[in-house]
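Trainee: I've just opened this one and don't know my way around yet. Could we walk through it together?

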Amino acid sequence: MLAILLTLATLHWIVLVTPGANFLLVGQLAASGQRSQALAAAAGITCVTLTWATLAVLGIGIVFHAHPALRQLVQIAGGLYLLYLASKLWQSKGQSQTAALQHISLTAAFRMGFLTNILNPKTALFFGSVFATVLPAQPDWSMTLSAVLLVYANAVIWHVFLALAFSHPAIQSRYDRQRQSLSRFSSLMVGLFGTRMLWTTLQELRGRWL
């Protein structure tokens with residue numbers, strides 16, 4: 001059991017540390033002086049991790065494979081939301097820390113984290129494929145529960161670390177000096193993730209229609 005969980009943890013950490021929309025969202029909020037909001041966004045992200053991991057155990061990956069139109073619909077919604085988020089990041093380039101703090105509430109930050117992660121069905125497919133590959137064909141309840149709690153703990157540790165690390169005064173000081181450039185960089189990267197998700201989905205749809 002220990003060897004299986006170690007393998008699962010290794011694969012999950014490889015995905016976690018790869019920069020993506022979640023990374024940029026938490027890092028941007030924390031570096032802009034919004035540590036509480038970054039932690040709230042992390043809570044939203046990790047809540048989805050727990051949800052997708054649980055659904056993966058219940059077979060959501062099989063559902064997405066059997067009904068690709070459902071997955072593609074979620075991907076389109078996710079791509080559009082990431083483009084919306086990118087526009088918000090771009091518009092925030094000139095705000096001071098005080099204005100930014102007043103601009104987004106803890107609830108809004110949680111919602112942003114939740115939506116950024118929930119509208120990415122690839123997360124569910126990852127958990128579904130990894131769980132199917134790593135776990136035994138018929139895992140008992142203790143193995144299943146341990147696997148779900150493990151990936152949830154990994155996500156909490158990583159995203160809380162990001163929120164605390166990027167809220168360090170030295171990082172915030174550098175962020176203040178390059179606020180506009182970093183905001184635009186984050187905006188472009190999030191927009192790129194959204195565009196890539198939409199493009200991939202449209203290519204899949206084109207392949208089905210032609």
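Mentor: Sure, and let's start with a term: a pocket is an open set of grid points with protein on both sides within 12 Å along at least five of seven lines, and its lining residues have an atom within 4 Å of a point. Keep in mind that this is a predicted model.

Trainee: Which residues lie nearest the centre of the largest pocket?
Mentor: Begin with the space itself, which comes to about 650 Å³ in the largest pocket. Its lining is made up of 24 residues. Those nearest the centre are Val15, Gly20, Asn22, Asn120 and Thr123.

Trainee: Which element gives the largest share of the lining of the largest pocket?
Mentor: The elements giving two or more residues each to that lining are α1 (2-16), α2 (21-31), α3 (35-58), α7 (106-118), α8 (121-134), α9 (141-166) and α11 (179-209). Sorted by class, the lining has 12 nonpolar, 10 polar and 2 charged residues. The largest share is 4 residues, and the helix that gives them is α8.

Trainee: Is asparagine 22 buried or exposed?
Mentor: Asparagine 22 sits in helix α2, and its side chain makes a polar contact of 3.3 Å with the side chain of asparagine 117. The cut-off for buried is under 20% relative accessible area. Asparagine 22 has 18%, so it counts as buried.

Trainee: Stepping back, how many helices does the chain have?
Mentor: Read along the sequence, the pattern goes α-α-α-α-α-α-α-α-α-α-α. There are 0 strands in the chain. The helix count is 11.

Trainee: How far apart are the end C-alpha atoms of α9?
Mentor: α9 has 26 residues, and at 1.5 Å a residue they should span 38 Å. Along α9, the buried residues include Met143, Val151, Trp158 and Leu162. The span agrees with what the length predicts, because the end C-alpha atoms are separated by 38 Å.

Trainee: And what about α3, how far apart are its end C-alpha atoms?
Mentor: The same sort of reasoning works here: α3 has 24 residues, which should span 34 Å at 1.5 Å a residue. Just after α3 comes glycine 59, with a positive phi of about 100°. For α3 the expected span agrees with the model, where the end C-alpha atoms are apart by 35 Å.

Trainee: Which residue does serine 32 join through a side-chain to side-chain polar contact?
Mentor: Serine 32 is in the loop between α2 and α3, and at 4% relative accessibility it counts as buried. Its side chain reaches the backbone oxygen of leucine 29 at 2.9 Å, but that partner is a backbone atom. The side-chain partner, at 3.0 Å, is glutamine 34.

Trainee: How many residues apart are phenylalanine 110 and phenylalanine 114 in helix α7?
Mentor: The structure holds 5 aromatic pairs. Phenylalanine 110 and phenylalanine 114 form a stacked one, with 6.3 Å centre to centre and 20° between the planes. Both count as partly exposed, phenylalanine 110 at 34% relative accessibility and phenylalanine 114 at 28%. They are separated by about one helical turn, because their spacing in α7 is 4 residues.

Trainee: What is the separation of the C-alpha atoms of tryptophan 13 and valine 151?
Mentor: Tryptophan 13 is in helix α1 and, at 27% relative accessibility, counts as partly exposed. One aromatic cluster is formed by Trp13, Phe23, Trp158, Phe161 and Phe166. Tryptophan 13 and valine 151 are 138 residues apart along the chain, with their C-alpha atoms separated by 8.7 Å.

Trainee: Is tryptophan 199 buried or exposed?
Mentor: Tryptophan 199 lies in helix α11. Its C-alpha atom is 10.0 Å from that of glutamine 75, though the two residues are 124 apart along the chain. Exposed means over 50% relative accessible area. Tryptophan 199 has 55%, so it counts as exposed.

Trainee: Last one: what share of the residues of the chain count as buried?
Mentor: Not every residue fits one extreme; serine 129 in helix α8 counts as partly exposed at 39% relative accessibility. For the whole chain of 210 residues, the share that count as buried is 45%.

Conventions. Residues are numbered from 1 along each chain as its sequence is written. This is a predicted model: local features need pLDDT of at least 70, side-chain atom pairs count only at pLDDT 80 or more; totals for chains, interfaces and linings use all residues. Side-chain values use heavy atoms; hydrogens and water are left out. On a 1 Å grid over the protein atoms alone, a cavity is a set of points where a 1.4 Å probe fits but cannot get out, and a pocket is an open set with protein on both sides within 12 Å along at least five of seven lines; lining residues have an atom within 4 Å of a point. Grid points are joined across faces, edges and corners, and a volume is the space filled by probe spheres set on the points. Ala, Val, Leu, Ile, Met, Phe, Trp, Tyr, Cys and Pro count as nonpolar, Asp, Glu, Lys and Arg as charged, and the others, Gly among them, as polar. The expected span of a helix is 1.5 Å times one less than its number of residues. Buried means under 20% relative accessible area, exposed over 50%, partly exposed in between (1.4 Å probe, protein chains only). A polar contact is a pair of N or O atoms within 3.5 Å; within protein, one must be able to donate a hydrogen and the other to accept it, and residues adjacent in sequence count only if both atoms are side-chain atoms. Rings of Phe, Tyr and Trp (its six-membered ring) pair if their centres lie within 6.5 Å; planes under 30 degrees apart count as stacked, over 60 as edge-to-face and the rest as tilted.
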